[in-house]
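Q: Please take a close look at one part of this model, the sheet and what surrounds it. I would like one connected account.

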Amino acid sequence: MDLHKLAANVRLLLMDVDGVMTDAKLYNVPGPDGRMYETKGFDAQDGISLQWLNWHGIKTGLISGRVSPATEERAKQCKFTYIYQGHIEKIPILEEILADAKIDPSQVAYIGDDLTDIVVMRRVGMRIAVANARPEVKQAAHLVTEARGGHGAVREVCELILKAQGHWQ
């Protein structure tokens, strides 16, 4: 299996959020009204690299089981084309995205960390697990990143794709 060849074919990068774009920690903070609000931290270098993919015509998207305003805002900042939250069953969402993007599953890369991601990974061309992924996810992956989710794993994947497609210079 040639990672460079797989990355050169990517036209769409999809990913999970918690554990991939974040370190999987969720923070509850009090709002001015006294209610608790959930937030999470995102890696700035992941964010800029996602925008670089966009500049080169490579679409990005997320499929998350959780619904979070922080995720929605981060996805908009990073210019995601597809934002799906609140979906544990990810296959129908993948099929909807593929139909909209009009691309073959072989042109999709997916980054995951947990068991619900494996079913998507098995249906796309490039399967990626972050360093902190469950062992079963790592076993299903073509690539396991050196970086952990929320600590540059997405950046690592974006750089690989950009380099493989001749856009890194």
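Is Ala24 buried, partly exposed or exposed, and what is its relative accessible area? Please start there and then go through the sheet.

A: This is a predicted model, and what follows should be read as such. Ala24 has a relative accessible area of 43%, so it counts as partly exposed, the class between under 20% and over 50%. Ala24 sits in the loop that links strand E1 (12–15) to strand E2 (27–30). Its phi is near 80°, which is a positive value in a residue other than glycine.

Strand E1, at one end of that loop, belongs to the sheet. The sheet is open and is built from 6 strands in the order E5-E4-E1-E6-E7-E8, with parallel pairing. Strands E5 and E8 (143–144) are at the edges; each has a single partner strand, so one side of each has no neighbour in the sheet.

Going from E1 towards the E5 edge, E1 and E4 run parallel and are joined by 4 bridges. One pairing across them sets Leu13 against its bridge partner Thr60 in E4. Strand E4 is largely enclosed by the rest of the structure, because 5 of its 6 residues are buried.

Strand E4 (residues 59–64) also pairs with E5 (residues 82–85), in the parallel sense and over 4 bridges. Between E4 and E5 the chain passes through helix H3 (residues 69–77), and this β-α-β crossover is right-handed. Two positions mark the register: Leu62 stands opposite Ile83 in E5, and Ser64 has Gln85 in E5 as its bridge partner. As background to such pairings, side chains in a regular strand alternate between the two faces of the sheet.

On the other side of E1 in the strand order comes E6. Ala109 is located in strand E6. With a relative accessibility of 0%, Ala109 counts as buried. The C-alpha atom of Ala109 is separated by 8.1 Å from that of Arg11, although the two residues are 98 residues apart along the chain.

The loop leading into E6 has a feature to set beside Ala24. Lys102 is placed between helix H4 (91–101) and strand E6 (108–112), in the loop. Phi of Lys102 is near 55°, again a positive value in a residue other than glycine. Lys102 counts as exposed, at 71% relative accessibility, whereas Ala24 is partly exposed.

At the far end of the order, strand E7 (residues 126–129) pairs with E8 in the parallel sense over 2 bridges. Here Ala129 stands opposite Val144 in E8.

Two helices and an aromatic contact complete the picture. H2 and H7 pack with their axes 8 Å apart, at an angle of about 30°. H2 is therefore roughly parallel to H7, a term that applies to angles under 35 degrees. The crossing in which H2 passes H7 is left-handed.

A search of the whole structure for aromatic pairs finds 1. The pair is formed by Trp52 and Trp168, with 5.9 Å centre to centre and 75° between the planes, an edge-to-face arrangement. Trp52 is in helix H2 (residues 44–55) and Trp168 is in the segment after helix H7 (153–164), so the pair ties together parts 116 residues apart in sequence. Trp168 counts as partly exposed, with a relative accessibility of 36%.

Note on methods:
Residues are numbered from 1 along each chain as its sequence is written. This is a predicted model: local features need pLDDT of at least 70, side-chain atom pairs count only at pLDDT 80 or more; totals for chains, interfaces and linings use all residues. Side-chain values use heavy atoms; hydrogens and water are left out. Two strands pair if DSSP finds at least two bridges between them. A crossover is right-handed if, with the strands pointing away from the viewer, the path from the first strand over the helix to the second runs clockwise. Rings of Phe, Tyr and Trp (its six-membered ring) pair if their centres lie within 6.5 Å; planes under 30 degrees apart count as stacked, over 60 as edge-to-face and the rest as tilted. Buried means under 20% relative accessible area, exposed over 50%, partly exposed in between (1.4 Å probe, protein chains only). Axes are lines fitted to C-alpha atoms, for helices over the stretch in contact, and angles run from 0 to 180 degrees between N-to-C directions. Angles under 35 degrees count as roughly parallel, over 145 as roughly antiparallel, 65 to 115 as roughly perpendicular and the rest as oblique. A crossing is left-handed if the near helix is turned anticlockwise from the far one by less than a right angle, and right-handed if clockwise.
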